[in-house]
Amino acid sequence: MRRPAAVIPLAAAVLAGAVLLTGCGSTESGGKPDLSVTSSYMPQPVTASLAAGFLTIENKGDAADQLTSVTSDAAASVTLHRTEGGAMEEVDRLTVPAHGRLVLRSGGDHLMFDHLKSKPVEGQSVPVDLHFATSGDLKVEIPVKPATYNPATGH
Amino acid sequence: MRTRSTRTFAAAALLAAGALTLTACGSGDDSGKPVAVVSEEVASDKAATVLDQPFEKPDLVLTDTHGKKYDLRKETAGRPTLIYFGYTHCPDVCPLTMNNLAVAKKSLPKAEQDELRVVFVTTDPDRDTPEELGSWLRGIDPQFIGLTGDFSTIQAGARTLGIAIEPTTKDKNGKLVSVHGTQVVAFSPKTDEGYVVYGEDATVDDYTKDLPKLIEGQNP
């Protein structure tokens, strides 16, 4: 039952490069999450020791899912963070509501990459595996954007 | 409990996400949210807040990235000066803010670039030694000034600008957690007072537009 749900997000992940929309036309229903990833980017970090990643996980399914961890061959560790009032807080999971989305954005929730093997440079991409409680794994290639990239303007 | 706070925060993030070009393919969820997004955009049209009651420049004597004593008031007197409180182990807002300023600065004529003082004061002095701070700032703009020193001195200085910071603490996993300010304060070269404040949503374009005015001590 879970296999088809995993295939769609995987295709979505391949397309997730730019700010574009995936997962349209899905007719999945029946009490399970149906996830796709869009709008992913990593601002080019100052050094290889630390970077942030942002993305939107859309859930067209009838059940919520939870992002429980993230791994990447490019970094020693990737953790989930929430920012509130200038303070960061590590969290062990983030919820993707049914028929809703989880938005990781600058100034808010984000992925934190520690000790990258090399400093990501604009134009490259960083591979990550998103691990979900129900939907299994999603692979995403996160494109590296300029340090000042603003998704609202696209530059 | 956790689920509820996550949802609340996700909704807030959506609101703030402004013109993120993501649509729901007509699935009809989140009805009403786009309206809120539009009004948010209009409300925050201008990045700068000109203060009715300007701030005095904090009387901070700290250590710069060369390990030398740096008297903020003395060193920046009569100079257009931007001050931000942050830390280098900050993945998101601190480097974004400093990079926004660095890119905007490059659009100024060379003489004005040399005139401008951009001061990054660490909120995490234990980790941000002069060396650490120096190598981080060189990766952003070699003209930027980095200051470190005693935390309580830094905290008191930030407080005079209405910026609340807390010492670095360990979270439940033993990881160090620091706090950054949420504002850039611009000081006039004419009065040496902090007269304009920018929130963390200020973009390269906002700063690019405003810096020529700030250099002259004019209102943006």
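Start by selecting strands β9 (residues 125-132) and β10 (residues 136-145) of chain A in this predicted model. Eight bridges join β9(A) to β10(A), and the two strands run antiparallel. Between β9(A) and β10(A) lie three residues, and the pair forms a hairpin. To see one pairing in detail, show Val126(A) and Ile142(A): Val126(A) stands opposite Ile142(A) in β10(A).

Keep β10(A) selected and add strand β1 (residues 35-43) of chain A. Here the two strands run parallel, and two bridges join them. Pick Met42(A) next; its bridge partner in β10(A) is Val144(A).

Now select the whole of chain A. What is the order of its elements along the sequence? Chain A follows the pattern α-β-β-β-β-β-β-β-β-β-β, with one helix and 10 strands. The chain has 155 residues, of which 48% count as buried. Among contacts in chain A with a separation of 6 or more, 70% come from residues 24 or more positions apart.

Move to chain B and colour its strands β1, β10, β9, β4, β5 and β6. In that order, these six strands form an open sheet with mixed pairing. Which strands sit at the edges of the sheet? They are β1 (48-55) and β6 (145-147) of chain B, each of which pairs on one side only. On average, neighbouring strands of this sheet are turned by 25° against each other, direction ignored.

At the β1(B) edge, select strand β10 (residues 194-199) of chain B as the partner. Four bridges hold β1(B) and β10(B) in the antiparallel sense. Display Val50(B), which stands opposite Val196(B) in β10(B).

Next, add helix α4 of chain B, which packs on the sheet and touches β4 (81-86), β5 (117-122) and β9 (183-187) of chain B. The direction of α4(B) makes about 165° with that of β4(B).

Finally, show helix α4 (residues 93-105) together with helix α8 (residues 204-216), both of chain B. Their axes come within 8 Å and cross at roughly 45°. The helices α4(B) and α8(B) are therefore oblique to each other, and α4(B) passes α8(B) in a right-handed crossing. To view the contact, show Asn100(B), Leu101(B), Val103(B), Ala104(B) and Lys105(B) on α4(B). On α8(B), show Val204(B), Tyr207(B), Thr208(B) and Leu211(B). Coloured by type, the residues of this contact between α4(B) and α8(B) divide into six nonpolar, two polar and one charged.

Notes: Residues numbered from 1 in each chain as written. Chains lettered and ligands numbered in written order. Predicted model: local features only at pLDDT ≥ 70, side-chain atom pairs only at ≥ 80, totals over all residues. Axes fitted to C-alpha atoms, helices over the stretch in contact; angles between N-to-C directions. Parallel < 35°, antiparallel > 145°, perpendicular 65-115°, else oblique. Left-handed = near helix turned anticlockwise from the far one by under 90°. Contact = placed C-beta atoms within 7 Å. Nonpolar A, V, L, I, M, F, W, Y, C, P; charged D, E, K, R; others polar. Buried ≥ 20, exposed ≤ 12 C-beta atoms within 10 Å, placed from the backbone. Pairing = 2+ DSSP bridges.
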